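Me: I'm new to this one, so I'd like to ask how the terms used for it are earned. Can we go through them one at a time?

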2 protein chains.
Amino acid sequence: MNKVIVLNNRPEGRPEDSDFKFTEEEKPKPQNGEVLLKTKYVSVDPYLRGRMRDQKSYIEPFKLHEPLVSGIIAEVVESKNDDFKEGDFVNGMLAWKEFQTNNGKNIQKVDPDQAPLSAYLGAVGMTGLTAYFGLTHIGKPKKGDTIVVSGAAGAVGSIVGQIGKINDCRVIGIAGTDEKIALLKEEFGFDEGINYKTTDNMQEAISNLAPDGVDIYFDNVGGEISDAVLQNIARGARVVVCGAISVYNNEKMPVGPRVTPILIKNSVLMQGFTVGDFQSEFNNGMKQLATWLQEDKIMHKETIVKGFENIPQAFIDLFDGKNSGKMIVEV
Amino acid sequence: MNKVIVLNNRPEGRPEDSDFKFTEEEKPKPQNGEVLLKTKYVSVDPYLRGRMRDQKSYIEPFKLHEPLVSGIIAEVVESKNDDFKEGDFVNGMLAWKEFQTNNGKNIQKVDPDQAPLSAYLGAVGMTGLTAYFGLTHIGKPKKGDTIVVSGAAGAVGSIVGQIGKINDCRVIGIAGTDEKIALLKEEFGFDEGINYKTTDNMQEAISNLAPDGVDIYFDNVGGEISDAVLQNIARGARVVVCGAISVYNNEKMPVGPRVTPILIKNSVLMQGFTVGDFQSEFNNGMKQLATWLQEDKIMHKETIVKGFENIPQAFIDLFDGKNSGKMIVEV
């Protein structure tokens, strides 16, 4: 039998165990033109929370009682498609199933010799591309710029900081534990770190570390942390709006200080984006990221949870910040 | 004697008569290299409210008990500067005085044959340039785009809408009286108008007129009107953040719905700006605007108040929306 995880309820607020349900189905058989895939690594990401809501967005909402879908690295275990052979590894948006068939159209082969397989879900995959395009194409870093990254120890944030250093910027990371702050500075090469959970006055803490203002704010979290950064924004700054994990679980529209007076006063750009906006440039981005990885210019940090049955919990743990770097489930 | 208007108090909330004071000084005499200027037309603009606050911004705050300054068209009545002769007209950021001397460095001659003198404070001056650069350089209109303009009957908004029509866009204006809505449609060529004061559900009203979403939002007002527009924003939209008159009088940081989830979901750009960001392109912009004015492609609408003594009240009246188009005081 084949294990499958379906969406049991649309979460209200923070997702819970009971929002997910394990079911079984017969193990599928590939038809002509298809491959049989065995799931190896499953990416769990904050943006999936949005798809659990029944609401128009940049991608279709998940359907109730149907399997969830995320970035997955799978092994081809049987092939009736000339483009793939047994033992190939592929990357794609695939269902949370142990085994599934695929017609080969929306999966890409990945090379385990070029980068570790799980890195294709992280540093050289969507996560790395998100950091790369957001920072370079929207943030447009110039030598000497001060960059602040929120959610800095997360999958995207940790790569943003490292790309910031490659661009000769001063990089300040915001995260929620002293362990993460140590990690930012000692492993990812950030210049400074701020633990927002132990800092009373974030606005002042940022001002002390960025006395000339923040030129680029890469925002993964939204909410009060972002309010404090915006109070320190420099003239002509770029705010790369990548994520808002602090409000993804809100059922109502969250409220906060209005930003437009600050944007006008300082001629600030805010640009929301998702990585799909840069699809036409994915290949170049992946090449650049793989090169940096091989040259040890970026470090590939993962929190790996083992076991298909732990996928829902790994996803829920994202909202408590239990991951350092990319959260991945190894099946 | 020479009449002068100084800042008597920093306004708290809405500006009042008592925030301004009329004083007199001796009529100045030009030294060698200077001209004597007689004030003809005075521009009063919402952004002046910001300069009345004692707070770092993109321009210096006004000093207490010193003359206020704004865009002024003046006549050269005596010249000891070879670049200017008696009877020339000039444009510059000048003091609220009947007469003043100037060394000629920060004033520009204007040609009354190319455009009406007061238009240099409006359609072919800073106001027109604000509309032109904001819409074309940030909004980047494409044929068929739906543009929503708030403060649409104001000085900037009325020109934005007309430039939108020149770019073959569908233009919807938001204003606060039925007379203004009629003006938008009948004189400025807007396709649609919404009176926000008589509309219960702005979000629905915008949705009805822009069922495929708003591609460009030119925001002159901020606040709840903007909240309603953002609920209708299209994928890849550009929000040109030009003004926030709805909150300029607030003493505390105004609060409203957080925008970053909407920006991410729809890959929306928000860009705050002031016209000075485009200084290097002013000449090209002014030429384009003067050409459109001569070709009757843009209409030049003013509310002209007469009398030096009415400058403060004309400024205060901006916050009640008493102007249609550019508010100007003729001295």
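Reply: Sure, let's start with A:Val148, which touches A:Ile172, A:Ile174, A:Ile206, A:Ala210, A:Val214, A:Tyr217 and A:Val229, leaving aside residues up to four places away in sequence. Touching, or being in contact, means that the C-beta atoms, placed from the backbone, lie within 7 Å. This is a predicted model, where local features need pLDDT of at least 70, side-chain atom pairs count only at pLDDT 80 or more, and totals for chains, interfaces and linings use all residues. Residues are numbered from 1 along each chain as its sequence is written, while chains are lettered from A and ligands numbered from 1 in the order in which they are written.

Me: What makes the set around A:Val148 and A:Tyr217 a nonpolar core?

Reply: A nonpolar core is a set of buried Ala, Val, Leu, Ile, Met, Phe, Trp, Tyr and Cys residues joined through C-beta atoms within 7 Å. Buried means that 20 or more other C-beta atoms, placed from the backbone, lie within 10 Å of the residue's own. The largest such core has 198 residues, and A:Val148, A:Tyr217, B:Val148 and B:Tyr217 have the most contacts inside it.

Me: Why are the two copies said to be related as by a two-fold rotation axis?

Reply: Chain A can be laid on chain B by a turn of 180° and a shift of 0.0 Å along the axis, with an RMSD of 0.0 Å. The fit is by least squares on the C-alpha atoms of residues with pLDDT of at least 70 in both copies. The copies are therefore related as by a two-fold rotation axis. The same surface serves both, as 100% of the contact residues of chain A recur in chain B.

Me: How many residues meet between the chains, and which element of chain A gives the most?

Reply: 30 residues of chain A are in contact with 30 of chain B. Strand S13 (255–257), helix H7 (260–266) and strand S14 (269–272) of chain A each give two or more residues to that side, and H7(A) gives the most, with six. Helices (H or I, at least four residues) and strands (E, at least two) are DSSP runs, numbered from the N terminus.

Me: What makes S13(A) and S13(B) a pair?

Reply: Strands pair if DSSP finds at least two bridges between them. S13(A) and S13(B) have three, in the antiparallel sense, so they qualify. In one of these strands, S13(B), the bridge partner of A:Pro257 is B:Val255.

Definitions and conventions. Contact = placed C-beta atoms within 7 Å. Buried ≥ 20, exposed ≤ 12 C-beta atoms within 10 Å, placed from the backbone.
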